[in-house]
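The following exercises are to be solved with the sequence and the coordinates at hand. Each task is followed by a solution in steps.

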Amino acid sequence: MSKRLSNKKCDVTKLFDTLWKEAKQHRVAILIQNQPDKDKLAELIKRKTDDFLRTFPFRDRLKLQPDTKDNAKALAARNRGNELFVPMQGKYLESLQHYNESIAYSEPGSEARALAYGNRSVVCLKLGLSQECLENIRLARASNYPARLMNKLNKREQDVKRCIENDAQIIPRRVTHTPGKYWARETGCPALQLSYEAHANIPHLAKCVELRQNSQYGRHLVTTQHLKAGDVFLIEKPYANLLCDTERYKRCAFCQNEDTFTLIPCEGCTVTMYCSKECMDKAHKQYHRYECGVLRDCWRIVGHLFGGM
């Protein structure tokens, strides 16, 4: 690990050593000497740090690159999807991920994006996903689908609507969700429940578990009764989570539901896609507005440090 962290190509450790030793340590020492009030000192340090980070060329030192939309890369991704979209091979799901990648890279309102939505609608049609097909047709039109191909899109829409009407006559009470809208998925697995009575003050922890501390183990948990294999004594949501690199064009970056057929892209980067405008807005409000411009670089740097992810 230490060898990778000190690798000259990345040199992350050396960079932050430089940030502290050569630039900040002396300034902080002066602030400490001149400001006895700890509250004011903390505010001063924060302000000086913010000013410093705005001017320090860390983007150059880490070789950060702007994550911008690129219709040429979008076209290349769509071509890869087209190569897999062969009726005899039937690799529709594999082609779909490349179409999603194309959508993520494409510029808003561009023909590249409209065509990728159109391709995605064909995949949905092949798989019998009528509502998803219609949603992609709507997205294609909203992205300025080229007039020279509009007849094909209109015919596809008419065919799908005809199929929906026929299905409604056969199964009149069929319930479907609305593509492009967030909806709670059934995972197929029952929700976890504690195997024992919950702790009065910590409801996600079983009452039989106690926190103790000693010189041998430090702080640790112990149980006051015998537990069987498979018993659930603690249920806790993760503090943070992140999609694997292979899932970024398959799942919503916020709720992480698999919604491959109707994902929509973040307009500020080429990394994240969402199942709905609702999830996109929540992500931007909570955290994505901070990471948006550097997320692809984070993937590159972390992937290099740990040998790829």
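**Exercise 1. Determine how exposed Met150 is, and describe its surroundings.**

Step 1. Met150 is partly exposed, because its relative accessibility is 21%; on this scale buried means under 20% relative accessible area, exposed means over 50%, and partly exposed lies in between, for a 1.4 Å probe and protein chains only.

Step 2. Met150 belongs to helix 9, residues 150-170. Helices (H or I, at least four residues) and strands (E, at least two) are DSSP runs numbered from the N terminus.

Step 3. Leaving aside residues up to four places away in sequence, Met150 touches Arg141 and Tyr145, where contact means heavy atoms within 4.5 Å. Between Met150 and Ala140, 10 residues apart in sequence, the C-alpha to C-alpha distance is 9.9 Å.

Two notes on the basis of these values apply throughout. The model is predicted, so local features need pLDDT of at least 70 and side-chain atom pairs count only at pLDDT 80 or more, while totals for chains, interfaces and linings use all residues. Residues are numbered from 1 along each chain as its sequence is written, and side-chain values use heavy atoms, with hydrogens and water left out.

**Exercise 2. Establish why Cys275 and Cys279 do not form a bond.**

Step 1. A disulfide is a pair of cysteine sulfur atoms within 2.5 Å.

Step 2. The cysteine sulfur closest to that of Cys275 is in Cys279, at 3.7 Å, which is too far for a bond.

Step 3. The search of the whole structure accordingly gives 0 disulfides. As to accessibility, Cys275 is buried at 0%, and Cys279 is buried at 2%.

**Exercise 3. Characterise the packing of helix 7 against helix 8.**

Step 1. The axes of helix 7 (residues 111-126) and helix 8 (residues 130-142) are 8 Å apart, at an angle of about 170 degrees. Axes are lines fitted to C-alpha atoms, for helices over the stretch in contact, and angles run from 0 to 180 degrees between N-to-C directions.

Step 2. The two helices, 7 and 8, are therefore roughly antiparallel; angles under 35 degrees count as roughly parallel, over 145 as roughly antiparallel, 65 to 115 as roughly perpendicular and the rest as oblique.

Step 3. Among the residues making the contact are Tyr117 and Arg120 of helix 7 and Glu132 and Ile137 of helix 8. By class, this contact of helix 7 with helix 8 has 8 nonpolar, 3 polar and 2 charged residues. Here Ala, Val, Leu, Ile, Met, Phe, Trp, Tyr, Cys and Pro count as nonpolar, Asp, Glu, Lys and Arg as charged, and the others, Gly among them, as polar.

**Exercise 4. Determine the relative orientation of helix 5 and helix 7.**

Step 1. The axes of helix 5 (residues 71-84) and helix 7 cross at roughly 20 degrees and come within 10 Å.

Step 2. Helix 5 and helix 7 are therefore roughly parallel.

Step 3. Asn71, Ala74, Arg78 and Asn82 of helix 5 meet Ala112, Leu115, Ala116 and Asn119 of helix 7. The classes in the contact of helix 5 with helix 7 are 4 nonpolar, 3 polar and 1 charged.

**Exercise 5. State where Asn144 lies, and describe its phi.**

Step 1. Asn144 is in the loop between helix 8 and helix 9, and is exposed at 52% relative accessible area.

Step 2. Most residues other than glycine have a negative phi. The phi of Asn144, by contrast, is positive, near 65 degrees.
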